[in-house]
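The following exercises practise the reading of a protein model. Please study the sequence and the structure before attempting each task, and compare your reasoning with the worked solution.

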Amino acid sequence: MLSRKVRCNSDGQDSSYFTGWQEYEKNPFDPVHNPSGIIQMGLAENQLSFELLESWVKRNQGTDWFNKQGGCIFRELALFQDYHGLPEFKKELANYMSVIRENKVEFDSKKLVLTAGSTSANETLIFCLAERGEAILIPTPYYPGFDRDLKWRPEVEVVPIHCSSSNKFAITKSGLEEAFKKAEKQELRVKAMLVTNPSNPLGTSLSLEELNLLITFAVDRGIHIVSDEIYSGTVFDSPPFISITEALHNRFPDHNSPIWRQVHVVTSLSKDLGLPGFRIGAIYSDNQELIDAATKMSSFGLISSQSQFLLSRILADKAFIQHYTKENLERLRIRQGMLVSGLKKSGIQCLESNAGLFCWVDMRRFLASDTFEAEMELWNKMLFEFGLNVSPGSSCHSVEPGWFRVCFANMSRETLHVAVQRIRDMVRIWDIKADIEIDNNC
Ligand SMILES: Cc1ncc(COP(=O)(O)O)c(C=O)c1O
């Protein structure tokens with residue numbers, strides 16, 4: 001018999017978010033070999049600028065990577081096992097974090113803890129901040145993986161901060177207070193708020209007003225803020241991105257102020273550089289006690305020294321990073337526009353967005369009723385009848401049925417074209433059916 005921990009169902013993997021991936025794996029679309037297969041629009045992966053990275057590697061692989069002054073670095077990398085990470089990599093990562101934030105804030109490599117992706121960063125942070133059974137407040141809709149990352153091993157409870165389409169899903173004071181009260185009613189001690197900025201699945205970044213609201217709430221209630229900023233390098237349109245660290249610095253320039261010990265940033269190269277396979281993430285915090293604890297814990301999910309070494313070389317190439325960032329944002333902007341205008345032609349609206357690898361799409365008019373059962377019915381039809389795997393809002397804990405997250409950066413332009421065409425056909429068929437039903441009822 002396995003442990004209670006692995007037998008319990010708090011791994012969050014029974015969600016339609018993950019089952020959609022499984023269905024895609026069984027029947028993946030291929031323009032030549034399987035043109036009627038399922039198109040994966042449920043995966044927030046950024047492949048739009050991948051060839052730029054490939055060319056960098058091609059250009060640089062001839063240059064004796066493993067030879068450094070005075071000898072070969074292979075031995076050094078192979079034997080390296082310091083869980084603080086390679087100092088040159090941490091320096092480059094801290095610098096990259098500043099560059100992505102347009103140098104409005106500076107990051108100090110001593111305040112970084114390296115982790116195997118943001119998944120590990122979020123889990124480690126919450127493990128360090130909260131006891132089993134304590135509560136973390138998260139605005140809805142949110143990234144489905146948080147249920148696995150926060151509930152499973154850290155064993156905390158997630159209490160949603162409800163956000164709705166009435167104000168474009170903005171975080172409000174009443175929403176925060178309601179969530180806090182709800183936790184108290186359940187006799188749960190609230191330890192932190194976790195926000196994703198820019199948001200997955202909304203594709204929008206937090207306003208200064210929202211950030212200040214979160215900071216004030218954290219000060220008043222003495223709780224932590226975890227800001228998952230793994231999409232900070234995907235802000236392709238205005239308004240510009242504001243990191244929690246920038247908002248905090250504007251209000252509390254003195255880093256000795258206690259609030260600096262309550263705010264922690266999560267970052268990763270999975271989205272901004274499109275390298276999820278390298279498993280490169282980090283926690284950034286001004287809280288030395290937390291940094292010490294998380295560094296010890298990071299031995300459960302270290303980044304291999306070889307990956308750190310390669311990425312330190314890429315990040316150190318400032319001209320390349322500048323070119324990549326500019327080009328990547330432009331490609332994301334064009335791609336998002338392609339999806340939004342394609343959907344618009346079928347009468348489908350998206351939440352106005354400025355970031356991310358996805359759109360938050362309003363399909364409420366296609367629901368048979370205003371329920372999550374009807375949303376699942378629609379999701380099933382899209383998946384099995386029209387070969388489109390998108391993520392239903394319910395898997396992101398949306399409180400309004402009928403919203404879907406649709407990814408646009410993990411496929412070729414041509415595949416997105418096919419996907420948009422399938423959506424058009426789908427809407428045409430549904431509208432014809434609806435007209436027939438109306439006629440029959442008259
Ligand atoms: C908000 C958010 N946090 C964390 C992750 C996990 O990222 P990583 O690949 O760095 O573990 C994702 C992945 O989609 C995400 O959307």
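**Exercise 1. A residue in a loop**

In which loop is Phe169 found? State its backbone angle and its burial as well.

Solution. Two conventions come first. Residues are numbered from 1 along each chain as its sequence is written. The model is predicted: local features need pLDDT of at least 70, side-chain atom pairs count only at pLDDT 80 or more, and totals for chains, interfaces and linings use all residues.

Step 1: Phe169 is found in the loop between β6 (157–161) and α8 (173–185). Helices (H or I, at least four residues) and strands (E, at least two) are DSSP runs, numbered from the N terminus.

Step 2: Phe169 is not a glycine, yet its phi is positive, near 65°.

Step 3: A residue is buried if 20 or more other C-beta atoms lie within 10 Å of its own, exposed if 12 or fewer, and partly exposed in between; the C-beta atoms are placed from the backbone. Phe169 has 21 other C-beta atoms within 10 Å, so it is buried.

**Exercise 2. Three further burial decisions**

Decide whether Arg279, Trp260 and Arg413 are buried, partly exposed or exposed.

Solution. Step 1: Arg279 lies in the loop between β9 and β10, and its phi is positive, near 55°. Arg279 is buried because 20 other C-beta atoms lie within 10 Å.

Step 2: Trp260 is in the loop between α10 and β9. Because it has 16 C-beta neighbours inside 10 Å, Trp260 counts as partly exposed. Apart from neighbours within four places in sequence, Trp260 is in contact (C-beta atoms, placed from the backbone, within 7 Å) with Leu248, Phe252, His255 and Asp286. The C-alpha atoms of Trp260 and Asn287 are 7.1 Å apart, although 27 residues separate them in sequence.

Step 3: Arg413 belongs to helix α15 (residues 413–441). Arg413 has 12 C-beta neighbours inside 10 Å and therefore counts as exposed. From C-alpha to C-alpha, Arg413 is 9.2 Å from Leu48, a residue 365 places away in sequence.

**Exercise 3. Helix α5**

Test whether the span of α5 agrees or disagrees with expectation, and describe what covers its buried residues.

Solution. Step 1: The expected span of a helix is 1.5 Å times one less than its number of residues. The 14 residues of α5 (residues 87–100) should therefore span 20 Å, and the end C-alpha atoms are 20 Å apart, which agrees.

Step 2: The buried residues of α5 are Phe89, Lys90, Glu92, Leu93, Ala94, Tyr96, Met97 and Ile100. An α-helix has 3.6 residues a turn, so residues three or four places apart point the same way.

Step 3: The cover over these buried residues includes β4 (112–115), β9 (263–268), β10 (281–285), α12 (305–316) and α13 (318–345).

Step 4: After α5 comes Glu102, with a positive phi near 50°.

**Exercise 4. The surroundings of the ligand**

Which helix gives the largest share of the shell around the ligand, and how many of the residues of that helix are buried?

Solution. Step 1: There are 14 residues around the ligand, and Gly117, Ser118, Thr119, Ser268 and Ser270 come nearest. A residue is near a molecule if its C-beta atom, placed from the backbone, lies within 6 Å of it.

Step 2: Helix α6 (residues 117–129) gives the largest share of this shell, 3 residues.

Step 3: In α6, 13 of its 13 residues are buried. The helix reaches 19 Å from its first C-alpha to its last, close to the 18 Å expected.

**Exercise 5. The whole chain**

How many helices and strands does the protein chain have, and how does its radius of gyration relate to the globule rule?

Solution. Step 1: The chain has 15 helices and 15 strands.

Step 2: The radius of gyration, taken over C-alpha atoms, is compared with 2.2 Å times the number of residues to the power 0.38. The value for the protein chain is 22 Å, close to the 22 Å given by the rule for 442 residues, so the chain is as compact as a globular protein of that length.

Step 3: Of the 442 residues, 44% count as buried.

Step 4: Two peptide bonds may be noted: Asn200 to Pro201 is cis, with omega near 25°, and Ser238 to Pro239 is cis, with omega near 0°.

Key: Contact = placed C-beta atoms within 7 Å.
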